[in-house]
Amino acid sequence: MNAPLLTPFPATSAYCAPNAQALAAFEAQRSTALRWRSSSADERIERIRKLRDAVQAAAPAIRAAAAADFRKPEVEVDLTEIFTVVSEANMAMRRLKRWMKPTRVGFSPLMAGTQGRIEYQSRGRCLIISPWNYPVNLSFCPLVLALAAGNTAIVKPSEMTPRLSAEMQKIIDATFARDEVALFQGDAELAKTLLDLPFDHIFFTGAPALGKVVMAAASRHLTSVTLELGGKSPTIIDASADLKAAAHNVCWSKFMNNGQTCIAPDHVFVHHSVADEFLDLLRERLAEVYGKDDEACFRSPDLARIVNARHTSRVRRLLDDARERGATVVAGGDVREEHCYISPTILERVPADAAILQEEIFGPLLPVIRFGELEEVIDRINAGEKPLALYVWGQDRARIRRVLDRTSSGGVCVNNTVVHALHPLLPFGGVNNSGLGSTHGEFGFRSFSHARAIADTRIGLVKMFYPPYTARVKRLIAMTLRWFA
């Protein structure tokens with residue numbers, strides 16, 4: 001659930017934390033990180049509990065800030081911001097002792113007399129850079145996991161949702177000392193300052209282009225990274241799909257947060273035999289949910305706004321380009337830039353060279369593409385960058401299996417969309433251009449931990465192979481290669 005974030009925002013001295021304060025916090029966290037490395041599960045759980053309780057107590061303020069920043073509906077704030085953080089925290093508190101327990105490994109015959117285990121050690125000082133579309137979720141869920149792994153953290157939220165960033169600042173300042181966890185508000189200049197520092201781990205959520213910038217910065221210090229990026233997540237509606245369920249689900253997941261979700265269906269491939277029926281059901285559902293005409297849709301309390309004028313203009317450009325190239329607007333198409341508003345819009349007959357089929361949309365535009373043979377869809381998916389998510393609707397399990405086997409994506413939902421990101425026991429992450437590494441639950445704990453190999457020797461058989469390499473040693477090595485290689 002990510003978005004571009006290092007973009008200019010009008011800076012004021014009251015808004016932007018001075019770089020010097022961030023540098024001071026980074027230095028202050030050095031000794032804390034060393035001390036926390038040996039912290040107990042109970043100590044870490046208490047830190048997570050404090051954060052969870054602070055988020056719950058601030059829920060009314062978070063809802064108000066989200067409404068002020070981009071008119072996000074309260075229900076969406078509760079589900080995608082507050083619930084996700086509380087759920088991640090509760091999962092970590094319940095399972096942390098199990099996650100922290102060393103993992104014993106077996107041994108090969110040559111390692112007889114040596115016990116092997118893996119211990120999970122905190123990485124140290126972590127940097128979390130989060131975007132504007134789900135700021136509380138994408139700042140505090142990684143923070144929960146960083147705390148679970150015994151790390152300190154500096155959080156840099158997006159400047160594009162300043163009221164939400166201010167509320168998060170209050171939560172962190174009231175819950176932690178700056179030598180433990182610190183949050184700083186600022187623009188791209190602050191992000192650059194932080195990326196120049198030798199953090200022990202960076203967790204970044206944002207656009208693929210900026211992920212490359214973060215990875216390049218991390219490489220200067222050989223800092224490990226988790227990159228939660230994005231891409232054009234396709235949805236396939238096969239001929240055997242439950243069309244009504246698919247239409248209702250796609251309407252929800254595509255237009256939640258007004259399309260500003262990195263795992264939202266970016267475009268839909270629908271089998272030509274059911275395309276007309278699917279489009280009728282989708283139009284009907286749009287009218288039921290958001291209103292039967294342009295004015296009703298504009299006034300709907302259940303539809304967020306695009307985050308700012310620049311992004312509104314970008315989405316409008318995609319819509320205008322598609323229309324100019326011959327695309328048909330099946331529903332929606334109402335644009336009111338002064339209100340950062342574009343209505344939920346369905347397009348058909350979009351030519352392959354249209355910008356909307358090349359760029360990540362990240363807005364309320366849904367191209368619907370008819371197909372005949374499943375191979376066409378698989379080939380089109382494989383011709384592009386690997387998406388963050390892939391959705392398949394149908395009852396023919398053999399055809400679904402064919403899609404899964406022949407494509408690559410960060411995650412998949414079958415007969416659903418986006419819910420894999422809400423499943424607490426599944427890893428969430430991308431592949432190649434859509435991301436690097438995983439988060440959620442134990443997978444996130446592992447991302448913020450170093451898996452340290454420990455070989456504890458009781459009987460040292462390896463001494464048989466010490467030099468000088470006599471005839472006896474050579475015979476032992478030859479026997480070992482025959483028996484155990």
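**Entry: the largest pocket**

I began with the open spaces of this predicted model, and I noted that the largest pocket holds about 630 Å³ of space. I then looked up its lining, which counts 24 residues, and the closest of them to the centre are K232, L357, Q358, E359 and E360. Strand 9, helix 12 (309-324) and helix 13 (374-383) each supply at least two residues of this lining, and the largest share, three residues, comes from helix 13. Sorted by class, I wrote down 11 nonpolar, six polar and seven charged residues for the lining of the largest pocket.

**Entry: the second largest pocket**

I went on to the second largest pocket, where about 240 Å³ of space lies. Its lining has 13 residues, and E76, W252, V289, Y290 and D302 are the closest to the centre. Helix 4 (74-100), helix 9 (243-255) and helix 10 each supply at least two lining residues here, with helix 4 giving the largest share, four residues. By class I recorded eight nonpolar residues, one polar residue and four charged residues for this second lining.

**Entry: the cavities**

How many cavities of 30 Å³ or more does the count give? I found four of that volume, and the largest cavity contains about 300 Å³ of space. Of the 20 residues that line the largest cavity, I listed E88, N137, C141, A421 and H440 as the closest to its centre. Helix 4, helix 5 (135-148) and strand 6 (201-205) are the elements that give two or more residues to this lining, and helix 4 gives the most, with five residues. I therefore met helix 4 again, after having noted it as the source of the largest share of the lining of the second largest pocket. The lining of the largest cavity divides into 11 nonpolar, seven polar and two charged residues.

**Entry: the seven-stranded sheet**

Next I traced an open sheet of seven strands, whose order is 10-13-14-9-8-15-16 and whose pairing is mixed. Its edge strands are strand 10 (328-331) and strand 16 (411-414), each of which pairs on one side only. On average, neighbouring strands of the sheet are turned by 25 degrees against each other, direction ignored.

Inside the sheet I followed strand 9 (residues 267-271), which runs parallel to strand 14 (residues 365-371) and is joined to strand 14 by four bridges; here V268 stands opposite V368. I also noted that helix 10 (residues 275-290) lies across strand 8 (234-237), strand 9, strand 10, strand 13 (345-348) and strand 14, and that helix 10 runs at about 165 degrees to strand 14.

**Entry: backbone exceptions**

Most residues other than glycine have a negative phi, and most peptide bonds are trans, so I looked for places that depart from this pattern. In the loop between helix 9 and strand 9 I came to N258, whose phi is positive, near 55 degrees. Is N258 buried or exposed? N258 has a relative accessible area of 0%, and because buried means under 20%, I entered N258 as buried.

The loop between strand 13 and strand 14 holds F362, with a positive phi near 50 degrees. F362 has a relative accessible area of 7%, so F362 too went down as buried.

My last note concerns the peptide bond between P467 and P468, which is cis, with omega about 5 degrees. P468 lies in the loop between strand 18 (449-457) and helix 16 (471-484).

Key. Residues numbered from 1 in each chain as written. Predicted model: local features only at pLDDT ≥ 70, side-chain atom pairs only at ≥ 80, totals over all residues. Heavy atoms only, no water. Pairing = 2+ DSSP bridges. Axes fitted to C-alpha atoms, helices over the stretch in contact; angles between N-to-C directions. Contact = heavy atoms within 4.5 Å. 1 Å grid on protein atoms, 1.4 Å probe; cavity = no way out; pocket = protein on both sides within 12 Å on 5 of 7 lines; lining within 4 Å. Points joined across faces, edges and corners; volume = space filled by probe spheres on them. Nonpolar A, V, L, I, M, F, W, Y, C, P; charged D, E, K, R; others polar. Buried < 20%, exposed > 50% of the residue type's maximum accessible area, 1.4 Å probe, protein only.
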